[in-house]
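User: Hi! I have a protein structure open in front of me and I would like to learn how to read it. Could you take me through some features one by one?

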Amino acid sequence: MGKHRREEAIDKGWAWVILVASFCVNFITFGICMSFAIFFIEFLDYFKESKGVTAWIGSIHLGFKFLIGPFASLLTKKYGCRLVVMAGGLISAIGCILSFFAPSVYFLYFSFGLTGCGLGLAYNSSIFAVGLHFEKKRVLATALTFVGGGVGPLLLPILFQYLIDELMWRGTMLITAGLCLQLCFCGILYRPLPEVYDTPVKVKQSHFVISEIFQTKLLKEVKYHLYLFNFLTWSMGIFIFFVMVNDFTVSSGISKEDSAVLLSMVGVTNVMGRLMTALLGNNPRVNRLLSYNVLTAFHAIFTMIYLVGNSYTTFVVLALFFGFFYGSKLAFIAVVTTQLFGVENLVYAYGYGMFAVGIGALLGPPIAGWLCDLSGSFTWSFVFAGSVTLAGCVAFHVATVLHDRQQAELTDKLKVTEHGHQEKTDALLKNEEPTGDADVI
C-alpha cells in the first residue's frame, strides 16, 4: 500500500508544489550567498582589515553552507525535509541577527558562518526532496529548482546594495534575517513521501550515526574521489570570483552600484543557462557528463578572461558569458550525480559532494585574498581561480572514463548471463523433445 502511494506521489500532484518550494529555497539561499561580494566591500571599509582576513567571513559562510552536506543528509533521513528546511531557516535568521551586533571581523566568522549552516541545511534538503519526488521528469525538475538559484543572485545583489545605501550593512542584516525566516514557510510545504526519507529512523547507538555519515561504499570508488576533487577545485575557483569580483570592478573604476548590477548580470544569464539545461537535459542525445565538464571548463576560462575588462561594457559582456556557463553547469550537478552513482545513492553522494564544495569555499577566497595582498593585484587571484577549476575538469574526465568502463563491463556480464540462461533453456527444451523410439512405442 505504501509503495503504491509513493508511486502516486512521483512526478505529479504535490510533487510540483515541492518543486515551487525548492525553487524559493534556492532563490533565498543562493541569492544571499552569491551577494556576499556586496558585503565584502562594506566589511573592508568598516573594519579596515586586510583582504585575506576579511575574505574569511565569506569563505566560512559559504564553506559551512556546503560542509554541512553530509550532516544534512543524515538529518533528512532521520527527520525528513520539512523539519530540516524549517530548522535551517531559523538558524540562518539567528546568524543574521547576531551579525547585526558584530564588533569585529572575527565575530562575523562565527555569526555569518552560522547563517551559512542554516542555509546549507535548507538547500541540501530541498535538492533531496526534488530528486526523490521526481523520476521521469527529474532532469526538468532539478533544472527548474536550480533556476531559483539563478533568480536569487539576479535580484538580491541590487536589493542588498540599495538596503546598504539606506540602512548600512547592519540594518541590511536584519532584513536578511527576515528573508531567511521565509525558508520556514517553504519547509511547511514539504509533504512526507511514503517509505522514503520522511519515515523516522531509529538511532540506538552513537556508532551507528558515525556509520551513517562515514561508512559508505561510495568512498571506496576511485571515480567518486575524482568527482569530489572536481567539486573541491571548482568551488575554490567559483567562490573566489563571487567574493572578490565587486572589489575588483570597483578598483577598476566602476561604482559600487554599477558593480552590483554587474553581479546581477551574471544572474541574468545564470537563469538562462539553467533553463537551457531544463529544456535540453532530458534529450537522450545530450551527453550529460560531457556537457557538465565542458561548461565547467568554459566558466573557468571566463574567470581568467574577466581580468581583461577595462570598461563597463566589457565587464557586462564578460559577466553575461560567465553567468551562462556557470548556470548551465549548475543545473546538471544533481543529474550527473544520479547518473554516476544511482538515485539510491543520491542523498549521500550529493551530501559528500557538498562537503567537498564547502572545503573549497573555505580555502579559495582566503588564498585569493592573500595573493592579492602580497602582489597588490587581482591578477594572480583570478588566474589561480581559473586554473584550479580546469584541474578539476581533468579529474572529472577521468571519472567519466572509469564510469563508461564500468558500464561496459556490466553490460558484457549481463549479456554473458543472458546467453547462459538461453543455452540452458535450449538444452532443456531439446531434452523434452520426443525421440524416434518413443514414436514407435
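Analyst: Gladly! Keep in mind that this is a predicted model. Let's begin with a helix. Helix α12 covers residues 288-305 and has 18 residues. From its first C-alpha to its last it reaches 26 Å, close to the 26 Å expected at 1.5 Å a residue.

User: Which residues of α12 are buried?

Analyst: "Buried" means a relative accessible area under 20%. In α12 the buried residues are Leu289, Tyr292, Asn293, Leu295, Thr296, Ala297, His299, Ala300, Phe302 and Thr303.

User: And what is found at the start of α12?

Analyst: Look at Asn287 there: one of its side-chain oxygens comes to within 3.3 Å of the backbone nitrogen of Leu289.

User: Let me try another helix. How many residues of α2 are buried?

Analyst: Helix α2 runs over residues 14-33, 20 residues in all, and spans 29 Å between its first and last C-alpha, close to the expected 28 Å. Of those 20 residues, 14 are buried, so α2 is largely enclosed by the rest of the structure.

User: Now for charged side chains. How many salt bridges does the structure hold?

Analyst: To find a salt bridge, look for a side-chain nitrogen of Lys or Arg within 4 Å of a carboxyl oxygen of Asp or Glu. The structure holds three of them. In one, Glu42 pairs with Lys256, with the closest N and O atoms 3.4 Å apart. This pair links distant parts of the chain, as Glu42 is in helix α3 (residues 36-47) and Lys256 in helix α11 (residues 256-280), 214 residues apart.

User: Are Glu42 and Lys256 buried or partly exposed?

Analyst: Glu42 is buried, at a relative accessible area of 12%, while Lys256 is partly exposed at 27%.

User: Which other residue does Lys256 meet in a salt bridge?

Analyst: Lys256 also meets Asp45, at 3.3 Å from N to O. Since Lys256 lies in α11 and Asp45 in α3, this pair ties together parts that are 211 residues apart in sequence. Asp45 is partly exposed, with a relative accessible area of 39%.

User: What about Asp247 and Lys51?

Analyst: Their side chains form a salt bridge too, at 3.5 Å from N to O. Asp247 belongs to helix α10 (residues 222-251) and Lys51 to helix α4 (residues 51-67), so here the parts tied together are 196 residues apart in sequence. Asp247 is buried at 10%, and Lys51 is partly exposed at 22%. When salt bridges share partners, you can read them as a network: Glu42, Asp45 and Lys256 are joined into one in this way.

User: How can I see where empty space is left?

Analyst: The general idea is to roll a probe the size of a water molecule over the atoms, which shows where empty space is left. This structure holds two cavities of 30 Å³ or more, and the largest has a volume of about 70 Å³.

User: Which residues lie nearest the centre of the largest cavity?

Analyst: Of the 13 residues in its lining, Phe30, Phe66, Tyr123, Trp234 and Leu330 lie nearest the centre. Helices α10, α13 (312-330) and α15 (346-375) each give two or more residues to that lining. By class, the lining has 13 nonpolar residues, with no polar and no charged ones.

User: Can you show me single residues that are worth a look?

Analyst: Try Arg274 in helix α11. Arg274 is buried, with a relative accessible area of 0%. Its C-alpha is 6.6 Å from that of Phe146, although the two are 128 residues apart in sequence. Next, find Ser328 in helix α13, which is also buried at 0%. A polar atom of the Ser328 side chain lies 2.8 Å from the backbone oxygen of Phe324.

User: Which residues have a positive phi without being glycine?

Analyst: One is Lys48, with phi near 60°. Lys48 sits in the loop between α3 and α4 and is exposed, at 65% relative accessible area. Another is Met168, whose phi is about 65°. Met168 is found in helix α8 (residues 138-188) and counts as exposed at 53%.

Methods
Residues numbered from 1 in each chain as written. Predicted model: local features only at pLDDT ≥ 70, side-chain atom pairs only at ≥ 80, totals over all residues. Heavy atoms only, no water. Helix = DSSP H or I, 4+ residues; strand = E, 2+ residues; numbered from the N terminus. Expected span 1.5 Å × (residues − 1). Buried < 20%, exposed > 50% of the residue type's maximum accessible area, 1.4 Å probe, protein only. Polar contact = N/O pair within 3.5 Å; in protein donor to acceptor, adjacent residues only side chain to side chain. 1 Å grid on protein atoms, 1.4 Å probe; cavity = no way out; pocket = protein on both sides within 12 Å on 5 of 7 lines; lining within 4 Å. Points joined across faces, edges and corners; volume = space filled by probe spheres on them. Nonpolar A, V, L, I, M, F, W, Y, C, P; charged D, E, K, R; others polar.
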